[in-house]
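Reader: Before we discuss any of the terms used for this model, could you show me what we are talking about?

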Amino acid sequence: MRNNVVKISAGSVGGIVAGGYTIGKGAEGNTVELSGTADVSGNIYGGYALHQMDNPLTGEAAAGDASQNTVKISDVTVKGEVYGGYTAEGTTSNDATGNAVTIESGTIEKTVYGGYTADGTASKNTVTINGGTVGVADSTESSDTVFGGYSASGEAVSNILTVSGGDLIGHVTSGYGKTGASDNTLTMTGGSSTKTVAGYAETGDAVNNTLVFSGGTSAITMAAQSGGSATGNTITITGGNPGTVTGGAGVTGASENTVIISGGTVSSPEDFVPIVTGGMASTGDADGNTVTISGGEVTGGIGIYGGFATEGDANSNTINVSGGTLDTDIYGGQTYDGAADNNTVNILAGDLNPEMSLYGGYGTTESKNNTYNMYTKGQTVADFAYFQNLNFYVPEGTTAGETMLTVTGNAAVDADTTLAAVQNSTTTDGTTDVSGATVFGGVQRNTKLNPGEYINLLYNANGITTDDTSYGTIDGLDTVTSAGFINYKAIVEKKDANTIVITIPKDEKGTSDTDTKILPEDRENAANTIKNAGDIIAGSALHAAEGAWIENHDIEAKFVPYAIVGGYDLHYNTGSYIDSNGMAANVGFVRRSQHEGHIDTIMPFFEYGKSHYASYLDTGARGDGRQHYTGGGILLRRDFDSGLYYEGAVRAGYLKGDFHGMIAKSMSRYDSGAPYIAAQAGLGKIYTRNRDSYDIYGKFFYTYLGSDSAVVHSGYGDSKYDFDSINSYVTRLGMRWTRDFDQIRSLYAGIGWDYEAGSKARPPTQAGIPQARPSKAPAASSNSAGRARSTIPTHGASTSRPPAGPASRKAVPSLRPSAITFK
């Protein structure tokens, strides 16, 4: 019987209503729609498949499948049951598949089935309840009200039940199977029910069923319930009032079930029922179940359980609390007759009631390797027991003297309820027993903790028993870094009879973080920048000045202006390395006077330059910054007709800069500024032969960069650093060959050797402790080669030769000078 449609909007029907009714042939695609003032006394069937008479030849009496049938109800009253699809018992299995029931409003006095089969599989059936009333409050009949899919003898698979409103008097189940229930889904966003279950297996297993509860009211809410085992079921609570909450309850076992609560109010008026349970087992084990609470409120009942077993073991269960308000005890795992081992309770955040208790593995025969991980502070509980591994992760922002967990010992415990046979049990005198346990603590690097100060990890005014207790720090969380990047090692110890703490010993001196080596490299680059300006003075600037004088050679005994701007890109090895690039400008006046046998040059000037640098350490630390300097000076030089010459220059000015970098895994910055003084002298001789000239020279450079105090800002706080002054002494020996092709074109090449002494940037000091320092090789060789073009312009612009000799003590820069003269 297929694709029939029945619509009733008024009147009364004394019997059943069926969209399609068949004997032995199955019912498919039939529809019943009831609305308005219609009143039906009998049952409603979208599709009804009844078994036929026994076949005299085969003995079979098949009913056929019921599939894709639909019932829609609005406003009407139905005194009987409602079936989307129904297939009766036969000698062969007959399935109920893909049937649907939708109830918008009205009253249904008995049970609603999306799909019903007497002996087959009920799968992919759907029930949607948006309003109305299902069931009769004072009925003495079955309390079952709504089923998505129901199999009286087989399995219920992948059925869907959605409730957004209505009053459901009784139990609501998405998939009910005699021998199993799997992959069924129930979503409740409104309405009310007595008991809400996604998957129910009477004798078989309940596997991978899912329940999502975001609104409405229920006294009991379960992802799965089974007469066998409950495995891999999940329940999520985001709002509403779900009553008690269970991931999976199985008679023979409950494993890998999950409860997630992020909102709503989970509560029960009963004082002696578990309020939240990941997995619950009667005669088997409850293991590997998880409860995660990040919001909402949990109150009443006798506790929150990762795993709960009556006659089996409760092992390897986990409870995670990262938010919400909890008003009941927490048990990682509990059993009335077995072992409770390897359970874990993680408290990351949330509000714990001071009257509640925290228990790890509450077992009658054994409690071993249960772990407590705490990531929050300021919590108080009545009792704390059955943990063998305690890990306290001190949260960021914790200060000296604060307490993470306080135990009052006010729990109602007596000798009859104390499990003295197992490790670390609760006590009758209010003390906390962590004998034989391991207690570890860990701190964030930016924790404000000084030597001699402490943070309380566990406190009980009644006392803490610590026989054979071992202490330690958590890997990677054993160091506190001060604002000055001084690293202190923390330890965990028992401070007194009542307190276990994490502290920095009074005699701990601390060590400078290796990343602080990068701090003085700002100063190192500053010194190099000033030295580079000295190379320009005796090189590019001097040649630009000479070119400007030649252009204005008709002016006797007067100063002629000149200007030069150049750029550079340098690489310095400092134990790590610095990359620096920037520009340098030199503007001044030149006067050259001819004397018998020699020419004297006097060159007062103003200098300006800026640079950007990036420094790198092997540890991963990096620093970046910008610097600029402003100064002035004078250069004097005498050139003899024989080719011999000597020169000298003095300069002074002020350099400012900033630093931004990663130190000890924290962004850090500071501003700096210091005066500088520099002097240089050189002696050389130029040999000329035809078109070639050979300049052999020796030079000495002195650079002084004044001391400075800077406040370094970082994630660890603000700290003042004192930077010592820098004195640099550099000697250079070199030779340069030049071939002139004509008055404006030439080819050159040069080689030089530098030796530097005393120029290391001393490490800054903080709190009297020197920081790490960079290092450089004192000697280096360099070479240069290129072409130069010199012109006497008629419009005021000229290009001068590059400097004679290396432009930097450590590397040959890419120096691109240009000269500008003024008429």
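Author: In this predicted model, V407 stands opposite N460 of strand β49, and four bridges join strand β46 (residues 403–407) to β49.

Reader: What makes β46 and β49 a pair, and in which sense do they run?

Author: Two strands pair if at least two bridges are found between them; four bridges join β46 to β49, and the two run parallel, so the pair meets the criterion.

Reader: What makes β49 and strand β55 a pair?

Author: Between β49 and β55 (residues 499–503) there are five bridges, in the antiparallel sense, and N456 has V501 in β55 as its bridge partner. Set against the requirement of at least two bridges, this count of five also qualifies, and therefore β49 and β55 are paired.

Reader: Why is β49 called largely enclosed?

Author: A residue counts as buried when its relative accessible area is under 20%. Five of the seven residues of β49 (residues 454–460) are buried, so the strand is described as largely enclosed by the rest of the structure.

Reader: Which strands make up the sheet that contains β49, and in what order?

Author: The sheet is open and has five strands in the order β43-β46-β49-β55-β54, with mixed pairing. Its edge strands are β43 (379–381) and β54 (491–496), each of which pairs on one side only. From one strand to the next, the twist averages 20°.

Reader: Turning to a single residue, why is T481 called buried?

Author: The relative accessible area of T481 is 2%, and the cut-off for buried is under 20%; T481 therefore falls within the buried class. T481 is found in strand β52 (residues 479–481).

Reader: How do you know that the side chain of T481 makes a polar contact with the side chain of N487?

Author: The two side chains make their polar contact at 2.7 Å, whereas the limit for such a pair of N or O atoms is within 3.5 Å, so the distance satisfies the criterion. Leaving aside residues up to four places away in sequence, T481 touches R445, N446, I486, N487 and Y716.

Reader: What share of the whole protein chain counts as buried, and how much area does the chain expose?

Author: Of the 823 residues of the protein chain, 55% count as buried, while the chain exposes about 32000 Å², with carbon and sulfur atoms supplying 50% of that area. The chain has one helix and 72 strands, and among its contacts with a separation of 6 or more, 72% are between residues 24 or more positions apart.

Key: Residues numbered from 1 in each chain as written. Predicted model: local features only at pLDDT ≥ 70, side-chain atom pairs only at ≥ 80, totals over all residues. Heavy atoms only, no water. Buried < 20%, exposed > 50% of the residue type's maximum accessible area, 1.4 Å probe, protein only. Contact = heavy atoms within 4.5 Å. Areas by Shrake-Rupley, 256 points an atom, 1.4 Å probe, with all protein chains shown as cover. Polar contact = N/O pair within 3.5 Å; in protein donor to acceptor, adjacent residues only side chain to side chain. Axes fitted to C-alpha atoms, helices over the stretch in contact; angles between N-to-C directions.
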